[in-house]
Structures are given as C-alpha cells and as structure tokens.
Amino acid sequence: MEKIWIFDTTLRDGEQAPGASMSIKEKIEVAKALASMKIDIIEAGFPVSSPAQFEACKAIADNIQGPIIAGLARAVEKDIKACYDALKSAQKFRIHTFIATSPIHREYKLKMSKEEVIKNAVNAVKYAKTFTDNIEFSAEDAARTEKEFLAEVTEAVIEAGAVVVNIPDTVGYTTPQEFFEIIKYLKTHVKNIDKAILSVHCHNDLGLAVANSLAACIAGARQIECTVNGIGERAGNAAMEEIVMGLSVRQDFYNLYTDIDKKKIYSTSKLVSRIIGYPIAPNKAIIGKNAFAHESGIHQDGVLKNRSTYEIMKPEDIGRSSTQIVLGRHSGRAGFKAKIEEMGFYLSKEKIDELYEKFILIADKKKEVTEEDIISILGDTGVLEKGYEIQYLTVVSGQEVIPTATVMIKRGDEEYKAAAIGDGPVDATYKAINKALNIDNVILEDFFIQSVSAGRDAIGQVNVSIKVSDTIATGVYADTDIILAAAKSYLNAINKILYKQGRKIEYDFQERI
Ligand code: KIV
Ligand code: ZN
C-alpha cells in the first residue's frame, strides 16, 4: 500500500474564500489543530502578498512542529525570497512556486510564449533551490493545458530541482476520467517523473473536486491538496475530510493510505467553521449534522439492528458522538424508543406507547422533532418536572457602559433573580443566570451564532455546548433578539443537564433485556 501525502491549504487557498480571512491568532489555532491531526504539509499563506500574510506565515513557522510548512510564491525572485524569509525558522519548510501554463492564461494573463513560461518556471525552481531542496512547482490551470506542453514543463522543473509537481484543476473544469488520463500521461511520458511526487489540487466549480483528486490517485498522484470543509476560491477546493475518509473507507478499492488521525476530523471542521463563520450544510458529507442521522422508520430499524445496514463508516471514526436518530413523521416506535434512551430515559413499554401517540401528533406538524420537543412530551406526561424558564431579561450594553444583565428565571412557582456585569452583553447574561441559579461550575465549551434568515430583521440562532462535571449538553434557540437567543439556548442546555443528572427514570429491566 502506498501513502497519499495530505497537503492542507485551508490557510492559503481556503482563506481566499470570500469573507474567510483569519487573524494570525486564529490561523495558529487552525494550524495547531491541523498539526495535531498529522497533516503532512500545511500551506500557511502567500507571504509576499501582504505584511499580515508574511507575519502569519512566520508565526506558523515559529510555532508549529510536525508538518512541513509551505508558503506560496509566484515564479518571481521577490516572492520566493519573501517565502524563504517567512518560513526559514520552521522545523521543515517548503517553497511552493507556480506559474500558469494553459493557453488562455499564457495569452491573456501572462502574455508569454510557451518558451517564456518554461524559462520562468525553471529559473524560479533554480532560485528556490538556493534556499532549500524542498521545492514544489505548480502549473496553474494545468487541467486546461496541452498535455504535451504540460509534460515538457513537468520534466523541466524536475530537472531544475522540484521534488513535487502539482497539477491543479484551477477552475474546476476537468472530469474524473479526463483527469485520470492527464496524470497517467505524465506518469508515462515524463522521463524523470520518478524523481518527483505528482500532486493534484482540484477546485470544486462543478462539484467534482474530490472525485477528480481520487481519480488522479488511481493514476499515480501521491499528494492531494485540499482544505477543511472544502473552503477556498469560488466553490472551494477538494474537502480534506472527504478525501481522507474516501481513501480510508474504500481502502479495499484504492489500496492507498494517509497518516491522518481521523478522530480529529470533526473537531477541526467545527473549529474552522466557527472561526470563519461559515456554517456547515446539514447534508454535507462526513461532517454535516445529518451525515449520520437516520429519519425513516425502515432506516432507523435497520441501523438499530445492525449499523452497517445504512452506515458505511462510524461517526466515532471522525470523533463525532454516536449515530444520531432524527425523529420525524416517518419514524417508528423503535426509533422513538432509541432516541429517548439516547437521551437517558429508559421507560416501560406502556409508557413508550403512550408517549409515541403524542409524538406522532407533533411529528405530523413539524419537519423534525427535536430533543426539546421530546422533553416537553416527557414533561406533559409527568415523567419530567418542568425546567427553568426566562421570565424577564434586561441587558444594557454599548460604548462607555459596563455591560449589565438583570434576569428573572422561573421554575414552577419558584423565582430566581440576579444581576451581573460582564465582558459583553452575553457574558453578563450568562453570569446573571449562573448567579440566579447559584451555579458556578458551568463550562461554556462552544458558542456559535448564525443568521438563519436574511434581512435586517434576521433571526439569529445560537448554539451552545456546556459541561457541568462530566455531563455535556447542547442548547439551541433562535430569535430576532440575539441576546435573548443566547440566554434561552444557555438555559436550554442547563435544563438538559438537570434532566440528565436528576431525571426521574421509569426503568423496566425486563424490557431492556
Ligand atoms: O488553484 C490553483 O491553481 C492554485 C495554485 C496556485 C496551486 O491555487
Ligand atoms: Zn487553488
């Protein structure tokens, strides 16, 4: 079995996605996550393009151990020198230089002949070689370049010292079959091809970036350039999580492996999504909310009998919690019971039957029945006591005021009031809630806010994840008032913790076995 080198360009090409720019601190956070999942090469940025890019590349070179740190440089001396200056302190670094090779780019962008393109490419590699032996050359828009010319460029840059030659599908134009042929052609027509690794870098304009990259590996490519969550220019790049899991789940077919620690995939994906503020589509492969969720009764029944009926990989493999049962109008009793047990409630068969009738009434009205709905069904039938609810909340914040929140919370007939100041309106609100409920051991693990509708009156949805002792719970709430959404989602999570820790359980032992 041969290894596929994973070259992650989240911090360079990924950051070129509109609105995805990251601060230096954020880039280091992402780079640490990438290093901890054993990415082979991290492309840290394009040092010459701005002082901030230079600083970010330098900070990553100074702080990240393990992966090779790469920087991008056009085939000009100024770029290559800046790249070296930014990366020279790294444990291992690579200069990645490129020039476009396709007729369209030669004629309209570069205004260069074929000979001039080759000359510039070779000179760039030779110049980079004065700083390091670890040189990658990219033939930009390679997929639209004449095969014979691409082979000529490849041979010339390897001769000049490039150890990796990257074949980008810069505009996401190729197809798996065509790309396979391009790589096969290079493997068989470039004399010195065994002196370099062939790499691919596919964009996703036609939704084929991952398929094209994998087809290239069958033809002999041994490095794939990709990004976390598939972010990148326009429609993005090949998604790292799909490449890694594709190669792993279908190892029987590809006979290739990566060194990636797959258990870190999910947390890294969430980190990148949170930092750049790009939510993940629910149906996104591997990392989407629904990627391991089963709604229809037949699927739920199958998964409960044996997961492999409808799952080709385990959520745990990528560091997600176990299979999620999503309840909707197609769900049967088996799925409903499994969900309730997943939430920690083991009920008698009679009770399940009684609750199932109520559940179906709600499911008929709603697309998805959430944990909150189930908790309210459980509450209505006396299985649960009602949780805490916000009675009123006022928050003062702005310039030259100390953010202050006053809250009143009710649970049954009991009232809990408190006021607190904080670092911002959300912090003040959470502190007031903690004070009112007299709890000081809540750790806020994750806080994510996104707009779920358009316009000035958009609804903001807040997702929180909290930890109390060893119990983790998530809360979600959407409102046009985002502070209220933040407060209610937090209380929502606290209620779940209380339910989990102090629930009344009707446990029918016979039923369980
Ligand atoms: O898409 C592309 O061609 C690139 C190169 C610079 C590698 O990003
Ligand atoms: Zn690119």
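Ser269 is a good place to start: with a relative accessible area of 0%, this residue is buried (under 20% relative accessible area; exposed is over 50%, partly exposed in between, with a 1.4 Å probe and protein chains only). This is a predicted model, where local features need pLDDT of at least 70, side-chain atom pairs count only at pLDDT 80 or more, and totals for chains, interfaces and linings use all residues. Residues are numbered from 1 along each chain as its sequence is written, chains are lettered from A and ligands numbered from 1 in the order in which they are written, and side-chain values use heavy atoms, with hydrogens and water left out.

**Exercise 1. Find Ser269 and its side-chain partner.**

Step 1: go to helix α11 (residues 265–276), where Ser269 has its place. Helices (H or I, at least four residues) and strands (E, at least two) are DSSP runs, numbered from the N terminus.

Step 2: look for Asn229, whose side chain is joined to that of Ser269 by a polar contact of 2.8 Å. Such a contact is a pair of N or O atoms within 3.5 Å; within protein, one must be able to donate a hydrogen and the other to accept it, and residues adjacent in sequence count only if both atoms are side-chain atoms.

Step 3: zoom out. The protein has 18 helices and 18 strands, and buried residues make up 50% of its 513 residues.

**Exercise 2. Describe the surroundings of ligand 1.**

Step 1: list the residues around the ligand (a heavy atom within 4 Å). They are Arg12, Asp13, His96, Phe98, Ser138, Glu140, Asn166, Pro168, Thr170, His201 and His203.

Step 2: sort them. The shell splits into 2 nonpolar, 6 polar and 3 charged residues. Here Ala, Val, Leu, Ile, Met, Phe, Trp, Tyr, Cys and Pro count as nonpolar, Asp, Glu, Lys and Arg as charged, and the others, Gly among them, as polar.

Step 3: check the oxygen atoms of ligand 1. A polar side-chain atom of Asp13 lies 3.1 Å from one, and His201 also has a polar side-chain atom 3.1 Å from a ligand oxygen. For His203, a side-chain N or O atom is 3.0 Å from an oxygen of the ligand.

Step 4: see how covered the ligand is. Alone, ligand 1 exposes 260 Å², and the protein buries 94% of that (Shrake-Rupley method, 1.4 Å probe; for residues, only the protein chains shown count as cover).

**Exercise 3. Which kind of aromatic pair do Tyr388 and Tyr416 form, and which kind do Tyr430 and Tyr490 form?**

Step 1: recall the rule. Rings of Phe, Tyr and Trp (its six-membered ring) pair if their centres lie within 6.5 Å; planes under 30 degrees apart count as stacked, over 60 as edge-to-face and the rest as tilted. The structure holds 11 aromatic pairs.

Step 2: take Tyr388 and Tyr416. Their ring centres are 5.5 Å apart and their planes stand at 80 degrees, so the pair is edge-to-face. Tyr388 sits in the loop between α15 (371–380) and β13 (389–396), and Tyr416 in strand β15 (residues 414–421), 28 residues apart.

Step 3: take Tyr430 and Tyr490. With 3.9 Å centre to centre and 10 degrees between the planes, this pair is stacked. Tyr430 belongs to helix α16 (residues 425–436) and Tyr490 to helix α17 (residues 482–502), so the pair ties together parts 60 residues apart in sequence.

Step 4: check burial. Tyr430 is buried at 6% relative accessibility, and Tyr490 is buried at 2%.
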